[in-house]
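Please look over the following protein model, for which a short briefing on pockets, cores and individual residues is set out below.

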Amino acid sequence: MLDAIARTLRFDESERSHLFDLARSANLSPVRRARTSTSGSVRPGLRFALEAMRDVVAFVQNSRLDVVAMSDLARALYSDVVETGGDQPNFARFAFLHQDLSRRLYPDWEGAADISVAMLRTAAGRHPDDRGLRDLIGELATLSPEFRQKWAAHEVRLHTHGVKTFHHHAVGDVRLHFENLTPGLDSEHSLLVYAAEPGSTDAESLQLLASWAATRAADGARATGVSDEMRASRPAGVDRDVP
């Protein structure tokens, strides 16, 4: 019956999937629905694999768009997301609540924001009792009129593949092809990999970004080393410089 409805209304794949998610959630008991809430961790093997990915932007997000794990190059590209996210960076929260930075990172901010909202709408259909998801949607609806407007459109979307342009403050514009490699993970996490066309100026920009991140990390390590050395040289019981 649902298949017939989807064909009659000419639903695309995202809309059809959302319809079945809503029906499935309606038939689950509250206990079973609660068990489907998203996790904030990934398998150690996947984390090791991300750390070994040196030449691509790769990250794992859950259905709430929380950042779960990242490659070094992903941390560099999304440095503003990480730095503004506190203990739990979130792509949707960054897009709507840090627009001074997100509009710089996403030249097509409207498109990026639409995708975030549509993906949260899809997640809400799968997990109507996910308290963390409800809290996030409530927070964004309270604090962002742009989110409220887009949420009212009731769009759903699957984020599978495509091309995105970013503007990183250190290297400028970079155009990347992305693939969602979710198969092999559980159904509530997505592994996304962004890569530049070999030999292109975008590939050069990624190399520059990697160099920028390495220099930044080295500077941070040196600063930490100096701080540790200063602390070690202080007399016992002195926690700070005394005039």
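In which helix does Val82 lie? Val82 lies in helix 6, where helices (H or I, at least four residues) and strands (E, at least two) are DSSP runs, numbered from the N terminus. This is a predicted model, in which local features need pLDDT of at least 70 and side-chain atom pairs count only at pLDDT 80 or more, while totals for chains, interfaces and linings use all residues. Residues are numbered from 1 along each chain as its sequence is written, and side-chain values use heavy atoms, with hydrogens and water left out.

**The chain as a whole**

- The protein chain has twelve helices and five strands, and buried residues make up 40% of its 243 residues; buried means under 20% relative accessible area, exposed over 50%, and partly exposed in between (1.4 Å probe, protein chains only).
- Among contacts between residues at least 6 apart in sequence, 57% join residues at least 24 apart, a contact being heavy atoms within 4.5 Å.
- The accessible surface of the protein chain comes to about 13600 Å², of which 53% belongs to carbon and sulfur atoms; accessible areas come from the Shrake-Rupley method with a 1.4 Å probe, and for residues only the protein chains shown count as cover.

**Val82**

- Val82 counts as partly exposed because its relative accessible area is 30%.
- Leaving aside neighbours within four places in sequence, Val82 is in contact with Met70 and Pro89, and its C-alpha atom is separated by 9.1 Å from that of Phe94, twelve residues apart along the chain.

**Nonpolar cores**

- The largest nonpolar core (a set of buried Ala, Val, Leu, Ile, Met, Phe, Trp, Tyr and Cys residues joined through side-chain atoms within 4.5 Å) has 44 residues, and those with the most contacts inside it are Val57 and Tyr78.
- Helix 9 gives the most to this core, with eight residues.
- Not counting residues up to four places away in sequence, Val57 touches ten residues' worth of neighbours listed here in full: Ser71, Leu73, Ala74, Leu77, Tyr78, Leu176, Leu192, Val193, Tyr194 and Leu206.
- Apart from the largest core lies another core, of nine residues, among them Leu46, Ala58, Val60 and Val68.

**Pockets**

- On a 1 Å grid over the protein atoms alone, a pocket is an open set of points with protein on both sides within 12 Å along at least five of seven lines, a cavity is a set of points where a 1.4 Å probe fits but cannot get out, and lining residues have an atom within 4 Å of a point.
- The largest pocket has a volume of about 350 Å³, a volume being the space filled by probe spheres set on the grid points, which are joined across faces, edges and corners.
- Of the 20 residues that line the largest pocket, the closest to its centre are Met119, Arg126, Leu158, Asn180 and Ser190.
- Helix 9 (109-126) supplies the largest share of this lining, four residues, and strand 1 (57-62) and strand 5 (189-195) are also among the elements that each supply at least two.
- By class, the lining of the largest pocket has five nonpolar, eleven polar and four charged residues, where Ala, Val, Leu, Ile, Met, Phe, Trp, Tyr, Cys and Pro count as nonpolar, Asp, Glu, Lys and Arg as charged, and the others, Gly among them, as polar.
- Asn180 lies in strand 4 (residues 172-180) and counts as buried because its relative accessibility is 18%.
- The second largest pocket holds about 260 Å³ of space, and of the 15 residues that line it, the closest to its centre are Asp72, Leu73, Arg75, Ala76 and Ala213.
- Helix 12 gives the most to the lining of the second largest pocket, with six residues, and this lining divides into nine nonpolar, one polar and five charged residues.

**The cavity**

- The count comes to one cavity of 30 Å³ or more, and about 170 Å³ of space lies in the largest cavity.

**Positive phi**

- Leu65, in the loop between strand 1 and strand 2 (67-70), has a positive phi of about 70 degrees although it is not a glycine, and Leu65 counts as buried at 3% relative accessibility.
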